[in-house]
Amino acid sequence: MTRAVVATALGVALAAGGLWSLLALGAAPGAQALSARTAGAQPIIDIAHLPPLLTTADDHLSVLRYDIACTGPGTESDSSCDLDGTAYVRVGTSGIFRALPLHLDATANVGRYTATLPTDVATSATGFTYYAVVRDRKSGATTTLPAVGATAPQRSIRLASPTSIDLGAHQFGNALPASARVATARWGDGSTDVGIEEGPQEEPIGASSFDVDSSGNVTVLDEAHKRLLRFASGVASTPTAIAVGVRGTIADLAVRSDGGTYVLESVAEPGQTPLLRSFDRVGRQVGAWHTAEALAGTLRLGPTGLQALEYPASQWMPLATGGGEVSAATQFAQGRAGRAVAGSRELVAQREGNEVRIALVDSTGVVKSWRIRSSTPLAEIQLAEPLGTRVVVVLRAYTDANAAFDVLVLGDLGLVKHFAVAAADWAETAPLSRFRLVGSSLYRLGSTPTDMFVDRFDLEEH
Amino acid sequence: MTTGRHPLRLSRMLTLIVAVAAVLIIVQSARAFHTQFVALNCNTNNPQPTTFFTRHGSSAVALHARYEGYQWAGGCWNDNNIDDSPGDPTENSNTGGEGGDCSGFTFKVWRESTTENDSGAYQWNMLRNVHGPYTADRFRHGDGAPNVTYAKSGLIAMDALASWHHIGLIYSRNADGSDQIIEAKGEAYGTNIWTRTYRGDINYSGVRRLGWSG
């Protein structure tokens, strides 16, 4: 509902030009805008869109798909709205957008709307950029995705000649032992224990995120006890506890070079977007601000500052630079398909079926790219990080009875290194917080019914 | 007599004070825990049988519960985007708070019957307090005529991922291969959409509701 209200204002703003849309957002940052949800007068238009981030010629991409749920206030019927919409597309990243009508796909089993891409757009070597505006004809409510439309549209990148890698079938049970166990704590309520969140109704949730600094010191977010557990390098079992004022639910963590931390809460207060908290090295909160979008659960600290993966835009957005706040308007305006990494590049990652695509992109286009196929189903991409001229990727392979992580080091000619890491995920964590790459060491957060641990895997022999 | 009556009066007064204090503590506790949300807002009306029920429509039912509360063993919520009974004790299923629990939420979103051998569809209003007969673990096993286990790699929107303790409904997929799950997660979480990695988690199995109109 809120998004519809915001987007109605945005629609007007967009019509007046990108600058106006930015001004509109500047006046109504996400946290305040969401409070309009309680107005109750207009329907909720909720758009789910899986962006085709990385395409190849054999995809034969011809349409953009949007799954749209629209719920009128107080009704729970299967058709409470009368929707139409338009996708705006253009070749590459500049120029004029073309308007394409969205049509209901009556053969789909959800409220799916599609826009047929012109051939020159669908096959463009430079890819294309696009956004969509959806309207309920009954109420006039409008939603734009991404929220700032032309200011930060979604981007689809064409991979001309990706390096192909075939993983074959995953051999479960062949996990590589860690180089070292660098942190461990038992589940419990003692001063050096790590806590499980309260409640009989949930899977066990605890130690929801971690990070490692350049000296190898490990920090674990013990959200159930509202504290950080800091394990000094070389001291795996006697952490220092640092109280922090967090909510106590699943959150992601990033450690700054000054020893301070960012914690991104996944649960928001009513009418607000998720809150990012900034703590100094002794746990005092030194700042707190909101994500632009309603959903965000993944943090990464990189050369340009702190970024979060925000939804429904499905874009990486800057959340902090130089330790300071990035406004909701700037987050929206700087949303990108890829995450900013060193060398003024973006790293774009996508899983489609049993295939993962990875691309390093700069202002001139695709610098390097890979297509990784597996005959075992793949779930999430847990990590994709540059390592010098290479890229480290961690994928989860799974069946209905098994799961494990595949660690891949990708080089110009293909697979440089490949090994499996046991799933060891007894306790639930923030969704994409199980791995961190620091230097040439890969760290993983794992758990068993008795304890939480962080293992280190050295990717380069010394 | 005076000396004899004083201890008696003191004893009675002390008894009275203790009794009053106990009542106050109990009332205070009850007021803290028993929010009266169900008592004041919910009903036991009959559901509406329907022959037309779509995944899209179930997404809409689920979205009405979004931003509402969580109640262990519960199944009643309004649509004001606020948890009207926050902070109930998590070990108590009788606090009468707002929201479904994970399986009650799934039951209502999937519009199932309280009769396990009935695979028909029933529109429960959000203010109808009903949990349904299934726990998360029973959904995980595909118990009940409308439910079957299903390969996780083939799950689509409004299918479910269920473990022994928890069940969540797939709302959409993310580009990185994780899923957006709409779920009644817990008292501290309420009901909302979050990115989750249940699909690749061996604790979770795939579950599908049968009989969709589309």
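A nonpolar core is a set of buried Ala, Val, Leu, Ile, Met, Phe, Trp, Tyr and Cys residues joined through C-beta atoms within 7 Å. The exercises below use this term on a predicted model.

**Exercise 1. The nonpolar cores**

Find which residues touch the most other members of the largest nonpolar core, and which element gives the largest share of this core.

Solution.
- Step 1. The largest nonpolar core has 173 residues. Among its members, A:Val220 and A:Val393 touch the most others.
- Step 2. Strand β30(A) gives the largest share of this core, seven residues.
- Step 3. Now list the contacts of A:Val220, leaving aside neighbours within four places in sequence: A:Ala183, A:Val194, A:Ala207, A:Phe210, A:Leu228, A:Leu229, A:Met452 and A:Val454.
- Step 4. Another core, of five residues, lies apart from the largest one; B:Phe53, B:Ala121, B:Tyr122 and B:Val130 are among its members.
- Background: nonpolar side chains tend to be buried together in soluble globular proteins.

**Exercise 2. The contact between the chains**

State how many residues each chain brings to the contact, and describe the side of chain A that touches chain B.

Solution.
- Step 1. Chain A brings 53 residues and chain B brings 59 residues.
- Step 2. On the side of chain A, the elements that give two or more residues are β1 (44-48), β3 (63-71), β21 (295-302), β26, β29 (378-387) and β30 (390-398).
- Step 3. The largest share of that side, four residues, comes from β29(A).
- Step 4. By residue type, the side of chain A divides into 24 nonpolar, 16 polar and 13 charged.

**Exercise 3. Two helices of chain B**

Decide how α3(B) and α4(B) are oriented to each other.

Solution.
- Step 1. Helix α3 covers residues 55-65 of chain B and helix α4 covers residues 102-109 of chain B; the two pack at an angle of about 140 degrees, with their axes 9 Å apart.
- Step 2. Roughly antiparallel would need an angle over 145 degrees, and roughly perpendicular one of 65 to 115. The two helices are therefore oblique to each other.
- Step 3. At the contact, B:Ser58, B:Val61, B:Ala62 and B:Ala65 of α3(B) meet B:Phe105, B:Lys108 and B:Val109 of α4(B). These residues divide into five nonpolar, one polar and one charged.

**Exercise 4. Backbone angles**

Locate the cis peptide bonds at A:Pro146 and A:Pro312, then say whether A:Ser344 is buried or exposed.

Solution.
- Step 1. A:Leu145 and A:Pro146 are joined by a cis peptide bond with omega about -10 degrees. A:Pro146 sits in the loop between β9 (142-145) and β10 (154-158) of chain A.
- Step 2. From A:Tyr311 to A:Pro312 the peptide bond is also cis, with omega near 15 degrees. The loop that holds A:Pro312 runs between β22 (305-311) and β23 (315-321) of chain A.
- Step 3. A:Ser344 is not a glycine, yet has a positive phi of about 55 degrees. A:Ser344 has 10 C-beta neighbours inside 10 Å, so it counts as exposed.
- Step 4. B:Ala73 is not a glycine either and has a positive phi of about 70 degrees. With 15 other C-beta atoms within 10 Å, B:Ala73 is partly exposed.

**Exercise 5. Confidence**

Find where in chain B the pLDDT stays under 50 over residues with zero contacts beyond four places in sequence.

Solution.
- Step 1. Chain B averages a pLDDT of 88, and 84% of the residues score at least 70.
- Step 2. The stretch asked for is residues 1-5 of chain B.
- Step 3. Residues 26-30 of chain B also have a pLDDT below 50, with zero contacts in the model beyond near neighbours in sequence.
- Step 4. Where pLDDT is low, the predicted coordinates should not be read in detail.
- Step 5. The model scores ipTM 0.91 and pTM 0.90.

Conventions:
Residues numbered from 1 in each chain as written. Chains lettered and ligands numbered in written order. Predicted model: local features only at pLDDT ≥ 70, side-chain atom pairs only at ≥ 80, totals over all residues. Axes fitted to C-alpha atoms, helices over the stretch in contact; angles between N-to-C directions. Parallel < 35°, antiparallel > 145°, perpendicular 65-115°, else oblique. Contact = placed C-beta atoms within 7 Å. Nonpolar A, V, L, I, M, F, W, Y, C, P; charged D, E, K, R; others polar. pLDDT = per-residue confidence, 0-100. Buried ≥ 20, exposed ≤ 12 C-beta atoms within 10 Å, placed from the backbone.
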